[in-house]
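Trainee: Could you take me through one part of this model in some depth? I'd like to look closely at a sheet and what packs on it, and then see how the chains meet.

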Amino acid sequence: MNPYAGRKYVIGGIIILTGIIFLIRLFFIQVVESSYKSTAERNARHIEIQYPARGLIYDRNGEILVYNEAAYDLMVTPGQLQAFDTVDFCRILEIPKNEVIRRIRTASDYSVFKPSIFLRQISSVTYAVMQEKLYKFPGFFVQPRTLRKYPRDIAAHALGFVGEVSEEDIEENEYYQMGDYIGVTGIELAYEEVLRGVKGRKIFLVDVHNRVKGSYQGGRADRKAEVGENVVSTLDAGLQEYGEKLMTKFRGSIVALEPSTGEVLALVTSPAYKPSLLVGRIRSENFLYLSQDTLKPWFNRALMAFYAPGSTFKTVNGAIALQEGVITTASEYYCDLGFHMGGYSVACHMHPSPLDFRGAVQHSCNAYFNYVYRAILTDPEFESTAEAYMNWRDHVMSFGFGDYLHSDFENELPGFVPDDQYYNNIYGEGHWNFFTVRSLSIGQGELGITPLQMANLAGIIANRGFYYTPHIIKEVEGQDRIDERFLEKHNTRIDSIHFAAVADGMEGAVNRSGGTAWRARIADIIVCGKTGTAENPHGEDHSVFIAFAPKDNPQIAISVCVENGGFGNIWAAPIAGLMAEKYLRDTITRPYMEEYVLRGVRLDQQ
Amino acid sequence: MRRSINILNNTDWVAAGIYLVMVILGWINIYAAVFDEQHESILDLSQRYGKQLIWIIAAIVLAITIFLIDTKFYSFFAYIIYAIAILLLIGVLTLGEEIHGARSWFRIGSFHLQPAEFAKIATSLALAKYLSSYNLKIKSFHAIAWILAIILLPALLIAIQPDLGSALVFFTFILVAYREGFSDAILVLGVILAVLFFLALLLDKFIIFMIILGLALLVYWILSRNLRSTFIAGILVAVPAGILYLLSRMDLITMNRYYIILLAVAVALPFYLTYAYRKRIRNIYLILLLAVGSSAFTFSVDYVFHSVLKEHQQHRVNIMLGLESDPLGLGYNVNQSKIAIGSGGFTGKGFLQGTQTKFDFVPEQSTDFIFCTVGEEWGFVGTALVIGLFIFLLIRLIKIAERQRSDFSRIYGYGVVSVLFFHFAVNIGMTIGLLPVIGIPLPFFSYGGSSLWAFTILLFILLRLDATRMELLK
């Protein structure tokens with residue numbers, strides 16, 4: 001017998017031991033450890049996102065305000081890059097080599113394995129060349145996208161714009177991924193979830209060179225993109241464009257509503273910009289340019305600017321006084337070129353005196369409304385001025401002042417109506433009275449009202465006492481009705497009967513001789529209007545005007561604010577008149593008035 | 001004297017059966033690894049799976065041919081076959097075709113032949129012939145020199161092709177020499193050196209030294225079964241080490257912990273030696289020698305690693321040891337290989353469902369990394385089956401080798417076991433990240449005519465020798 005025969009056990013032992021080590025190791029990496037599975041899936045899967053076309057936006061007459069145009073983003077997945085012919089690459093894309101390197105580095109910083117945008121919105125010509133040569137540049141692919149297009153290039157603020165999602169958007173909502181587009185302002189923001197549709201995805205199995213080898217799980221995990229829903233805006237494209245044209249020379253805003261529904265017919269803010277400026281590759285440059293503009297074109301005055309409503313507010317105080325019974329429409333007060341009482345004086349202009357309620361509205365008598373407001377705050381029904389004041393404030397708030405209207409404008413602001421505490425803090429409790437707050441009689445002082453709220457006021461008077469929340473979308477494709485809150489009727493605390501006298505006064509202001517707003521007059525249509533001059537401590541007063549027309553069965557309610565425009569009748573009233581006529585009749589019977597506004601220079605300043 | 005016995009009745013059909021199963025499994029997995037929907041037929045000759053079928057049929061023809069050749073042929077022509085193999089290895093260095101920077105292949109028409117694969121058979125035969133020669137004193141210097149020469153000559157020629165992986169295979173013949181009476185020390189030393197090499201790169205020298213020290217004491221205790229003296233030996237090192245440690249903590253001396261323990265050992269060493277001398281225990285010398293040698297080796301590994309190994313070799317070792325993470329660089333292969341195998345899970349993704357191997361994430365998926373396809377598509381069930389088959393075959397072959405009546409047959413049998421074992425261990429070890437990437441095929445599974453034929457010849461010569469073992473009277 002071989003003396004070393006025992007060594008067969010050692011050799012056999014080594015073999016078996018090796019086998020056991022392998023089995024343990026394999027058990028660990030195949031059964032215990034699960035990360036290899038997901039890594040393998042990541043390895044071999046290529047997810048192609050299919051971007052749905054964003055929903056279109058129509059105006060109230062079915063005219064397209066926003067549509068889409070195809071564009072192509074060149075994407076890069078840094079982890080799949082291989083050495084490629086940079087000379088050819090740079091020539092096709094017309095960018096320098098160091099720019100290529102920089103962009104690849106930026107993409108790598110985001111993710112090596114996930115695709116990110118290499119070059120945004122390449123032209124269809126470049127796209128055609130690139131698509132053909134794409135096989136030479138592994139790691140790159142072309143992602144079709146859509147760009148917003150604006151046939152009339154109007155209503156930038158109302159429509160808003162879309163932009164690339166921010167880091168925060170991605171964190172907040174997992175729907176979004178780097179490079180997606182999202183509504184940033186206006187309708188695009190408010191109706192983002194409706195407009196964007198649902199992204200689709202196709203998952204492919206790819207080999208190590210990222211060549212497609214087939215569909216993943218036979219396409220069961222794929223999802224079809226759902227096209228975004230179209231929406232119908234309440235805007236009237238023609239009216240909107242006309243409003244923007246009229247405001248070219250001015251800083252300010254126009255808001256036009258349909259009183260019976262609260263639908264916004266026009267939302268003009270000036271200075272504005274053309275929405276097409278924020279689309280495509282010119283976007284970033286223009287964005288910077290607009291941001292640096294000292295006229296602040298971003299600022300949506302129609303929703304965000306606070307003005308003292310001036311004399312337009314006399315309609316509110318008058319209606320409240322009638323409701324409270326502290327005056328009647330027949331009450332007359334003398335005006336001695338103003339209001340003189342308790343050592344205070346408020347000046348007024350020349351007009352017949354004494355006047356009744358309708359006359360006072362027509363002539364915008366300051367003295368009259370000081371008496372009215374005094375009557376409201378000294379109403380013996382209440383124990384103190386503060387109590388009477390808060391009752392008055394409740395009435396005011398019922399007009400939609402001092403709070404958000406909760407429209408579908410995302411950046412709407414609430415305005416400001418001070419409460420008793422506000423005056424208590426300044427003057428001390430019990431140490432203020434009518435005289436302290438008398439500016440409120442004629443809409444000056446601490447009040448802050450947005451143009452949207454002023455238009456809503458015009459609508460309330462047109463409706464004789466109620467309003468529907470102003471909104472800009474009247475129909476969403478695939479939905480039976482718009483949001484409930486726009487269908488809810490808001491009644492003011494004023495009985496409808498009291499608005500008749502207010503409307504009469506406003507009719508007089510525009511149509512009777514001696515009325516303060518004759519520039520808003522339209523032949524054969526009764527326009528009711530009220531001028532206002534918002535005191536401006538920083539310069540010339542703002543020209544303010546509210547109007548609705550026709551007087552019976554009103555179709556349109558308007559507020560116009562022209563900053564530094566002086567007295568309401570100078571600019572705001574004619575603009576409102578032109579807007580109303582444009583909407584109601586579609587032709588302008590007073591071309592001279594249009595010319596006057598478009599020229600934007602007062603005759604006395606020529 | 002010879003007895004005539006029916007060869008087929010005495011053929012080891014179990015081993016032959018396992019061979020056939022492995023070759024067919026290999027063929028199926030090659031099909032899955034390079035599956036292409038445009039060439040769906042497994043018989044498509046333009047694809048590797050189609051070609052592999054031709055190699056398999058040819059291999060079976062070869063096996064039958066081997067069975068037709070007389071047993072005496074192999075031992076009689078062993079040296080001549082060896083000489084031819086060496087000539088081919090020399091020839092390939094000049095006449096061979098350079099592929100991937102190595103001259104390893106003869107090109108005959110469209111067919112490529114790798115002489116290194118066949119050199120393993122020749123070396124097995126030559127080694128068997130030499131070790132079975134009459135009156136050989138295996139522990140003599142003369143014999144050791146010849147044994148090493150037979151093994152190292154082909155290894156060297158292959159190494160300069162250069163094909164380091166195939167060259168390394170020849171060291172597996174140490175196992176054969178061990179079985180035939182080479183000192184255990186060679187085997188033990190080999191294992192210890194390999195383990196220490198990796199430990200030295202992985203762990204702090206101090207920790208390794210502590211491990212060596214602990215092991216030395218343990219070995220002594222096991223051999224002497226004298227707990228008391230083991231304990232005293234421990235104390236002898238612990239006390240001076242403790243004192244030095246305290247001194248250094250009190251900032252009286254500046255010495256790092258490694259030198260503290262080294263000095264403590266130096267202090268204890270004379271006591272050990274005296275004790276060993278007085279008690280006349282030779283084991284202690286051996287243990288001490290091993291301990292000191294290991295420590296010195298640990299030191300030198302650092303030097304060897306950084307000065308002798310080339311950069312890409314350092315990388316490979318580092319990656320295997322997990323010291324470098326480099327998923328797209330040199331570690332890419334191993335990483336993808338592990339991902340492919342790991343993603344198979346317990347039962348695998350199913351036949352042709354493997355994405356990692358099929359879509360080229362794993363390199364060389366039909367040759368050196370064929371085991372990945374097994375792992376990915378058949379899961380742990382599949383890999384365990386393949387490992388089981390190999391272990392079963394190897395143990396079976398040991399059994400066959402041991403039942404041979406002639407020394408030549410037995411030694412040749414161990415040659416077969418050693419070569420197959422080395423390929424099996426290194427190939428699978430590399431795909432699962434336990435060993436560095438050494439490009440050698442998995443026997444019977446990997447795609448390729450040369451390797452399949454070489455392994456077939458290797459195995460079937462043994463089975464042929466085995467079939468006629470009864471003819472010999474020893």
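Mentor: Sure, I'll start with the sheet in chain A and then move on to the two chains together.

Keep in mind that this is a predicted model, where local features need pLDDT of at least 70, side-chain atom pairs count only at pLDDT 80 or more, and totals for chains, interfaces and linings use all residues. Residues are numbered from 1 along each chain as its sequence is written, while chains are lettered from A and ligands numbered from 1 in the order in which they are written.

Chain A has 21 helices and 20 strands (DSSP runs numbered from the N terminus: helices are H or I with at least four residues, strands are E with at least two). Five of the strands make an open sheet, ordered E12-E11-E20-E19-E18, with antiparallel pairing (strands pair if DSSP finds at least two bridges between them). Strand E12 (263-270) and strand E18 (528-534) of chain A sit at the edges with a single partner strand each, so one side of each has no neighbour in the sheet. On average, neighbouring strands here are turned by 10 degrees against each other, direction ignored.

Zoom in on one edge: strand E11 (residues 252-258) of chain A pairs with E12(A) over seven bridges, in the antiparallel sense. A:Leu257, for one, has A:Val264 in E12(A) as its bridge partner.

Now for the helix. Helix H18 (residues 451-463) of chain A lies across E11, strand E19 (542-549) and strand E20 (556-562) of chain A, and runs at about 145 degrees to E20(A). For that angle, axes are lines fitted to C-alpha atoms, for helices over the stretch in contact, and angles run from 0 to 180 degrees between N-to-C directions.

On to the partner: chain B has 20 helices and three strands. Where the chains meet, 35 residues of chain B are in contact with 29 residues of chain A (contact means C-beta atoms, placed from the backbone, within 7 Å). H18(B) gives the most to chain B's side, with 11 residues. That side has 20 nonpolar, 10 polar and five charged residues (nonpolar: Ala, Val, Leu, Ile, Met, Phe, Trp, Tyr, Cys and Pro; charged: Asp, Glu, Lys and Arg; polar: the others, Gly among them).

Methods:
Two residues are in contact if their C-beta atoms, placed from the backbone, lie within 7 Å.
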